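User: I am new to this structure and would like to go through it step by step. Could you take my questions in turn?

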Amino acid sequence: MERILVQATRFGRVVDDQPMRVEVVTREEIEEKAAMRPGNISMLLAETGGVRVQTTSPALGSANVRLQGMNGRYTQLLADGLPLYGNQASSLGLLQIPPTDLGQVEVIKGSASSLYGGSALGGVVNLVSRRPGDEMAGEALINLTSRNGQDVTGYAESPLSDKLKGSVTAGAHYQTIEDIDGDGWADLPEYDRYTLRPRLFFEGDKGDNLYLTAGYMTENRQGGTLSGQTVADGSPFIEIQDSERKDAGLVYHLPLADTLTFSTRASAMVQEHFHRYGTDTDNDQHGNYLVEASLSGYRDNLDWVIGAAYQSETFESQNYADFDYSFDVPGLFALIDYSLSEDLIASVSARIDDHSEYGSQFSPRLSLLYRADDFTVRGSYGRGYYAPTPFVEEIEASGLGQLEPLGELKEETARTASLDFTYRFDDVETSLTLFGSDIQNATELEAFSSQDNGNLDRVRLVNATGESQIRGSELLLRYYLGDLKLTASYLYLDATEQDPHSGARREKALTPRHSAGFVAMWEQHGHFRAGFEAYYTGVQRLDDSPYVAESEPYWHLGLMGEMTFGRYSWFINLENLLNVKQSDTHPLLLPERTPSGQWTTDIWSRNDGFIANAGVRIKFG
């Protein structure tokens, strides 16, 4: 088995030695998914066990990441351990990150607030960049789709001196507006997006190392009604989001003695948006800043880290200043890994944050690892918090125009626990995970009548009564047969919440109880790869749909192939072979606008139908 180092837990250990379970998407898998979806990272996350990429806006195509049934706003998206996409990555963030320069992706499920603060209540997705080699190298990728989409990405790396190496990645991505079901509403929004990210890697003579990065992204995106088309009230409803993001970050490690290391991290991100939702427009700016310093060491059977961090998150709106906020969060954290015996390792981490809006917050986590030959057991329990903002999924999809200014809200808190069993024998790997989460004070939208006439025409953000409870299990089977790798997975979710009207418990919306997947990949490295995938999504409860109360189950099937001839790799990918479209079950457009401002039902399936894409990857060096 390949020995994979992970960074997300701060120790840089081999993944099999981590008491805290970390799932890793390797570079080989990233290359496979880049041939399927070169423009963004949604595909490589969607096919990770226990992870669901949930579409949040049918008009703009935005999506977020749900880990083990928890809402997407609880997932912290990091780049090399830095919040370069903000504490709460926008729902378009996933769609604006190309996978070209990623070395691996690390996923921690369950509360990781003890490591990264309030934004990691549900877990962490850490995008780890590729490290340059000792010679100049690079690649270019060109991709075309059957739905008039185009992607061009490039990556280059080179040593710049004996101690300094650098890399740069750039991309241009285009999509035309497409109305696949002919209802006058865009099923694929149009966009043009450009990205640029240079990186520098310095290694000193005394073991010190410095990582520097900067990024720029600009995108213009439009969806909603097509030219000349209208919604039910007879007016056009065009949705636009123009984005510009600039970020920078550094990570520095300095050995102070044989067993001590000083580390510091810092980052800054500013993202500007122009929004249009029909006749409602808004210009806003999000900011996120981090400074952190820590000291780590080890002795005999003990590894430890202590540190201090300061985070700042800001939002300013030109049109809706009542929603402006500025959070300042200084914090202290500590992490200890202790080997109780050769086969038993305990990890204890804790963090205390002094949130400027929600006061002192204590976030602990305990993890245990037990190994006996090829059998491994991991257990974990954690607590964390999340600082509410206006940007729940429905508001990101429809804007601030229908939302009342925020009242007195409490912080959202959660307890998460998991028990994981892994067994490897010969060429077979099996894994079973049992997990649960209890979420208190979850924020949700409540519709009300602003005119006191019974007509629900606006919404407000409130803390839910009762608690959300999630119980579930993941099963993974992986079999290696020469050049053939077979992977089967199953996810069971029992996710419930308290009905605000009746007080009874009900299933959480857009959370399938059953989902499963099967992937067969045949690969001879450097020559070819061919794959088949099948994913099943079960029935989901739907909120506020006038057509159906629950969704239909559906299958997503795909085929891909890639042939390599020297520097050139030609690929083709066939996605959604069954041509599944949500609009085949019921209309996407609503007969009237919702109190939150939406003109469409929620997306519980997909509405883009069958898509083929093909292209070439050219490697240099």
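User: Is helix H1 (residues 27-36) largely enclosed by the rest of the structure or not, and how many of its ten residues are buried?

Analyst: This is a predicted model, in which local features need pLDDT of at least 70 and side-chain atom pairs count only at pLDDT 80 or more, while totals for chains, interfaces and linings use all residues. Residues are numbered from 1 along each chain as its sequence is written, and side-chain values use heavy atoms, with hydrogens and water left out. Helices (H or I, at least four residues) and strands (E, at least two) are DSSP runs numbered from the N terminus, and buried means under 20% relative accessible area (1.4 Å probe, protein chains only). Helix H1 is largely enclosed by the rest of the structure, because the count of its buried residues, among them Arg27 and Met36, is eight of ten.

User: Which residue shares a side-chain polar contact with Glu412?

Analyst: Glu412 lies in strand S20 (residues 412-425), and it counts as buried because its relative accessibility is 0%. A polar contact is a pair of N or O atoms within 3.5 Å, where within protein one must be able to donate a hydrogen and the other to accept it, and residues adjacent in sequence count only if both atoms are side-chain atoms. At 2.9 Å, the side chain of Glu412 is joined in this way to that of Thr443.

User: Which element gives the most residues to the largest nonpolar core?

Analyst: A nonpolar core is a set of buried Ala, Val, Leu, Ile, Met, Phe, Trp, Tyr and Cys residues joined through side-chain atoms within 4.5 Å, and the largest one has 42 residues. Several elements each supply at least two residues of this core, including helix H2 (42-46) and strand S5 (102-109). With four residues, the element that gives the most is S5.

Terms used:
Buried < 20%, exposed > 50% of the residue type's maximum accessible area, 1.4 Å probe, protein only.
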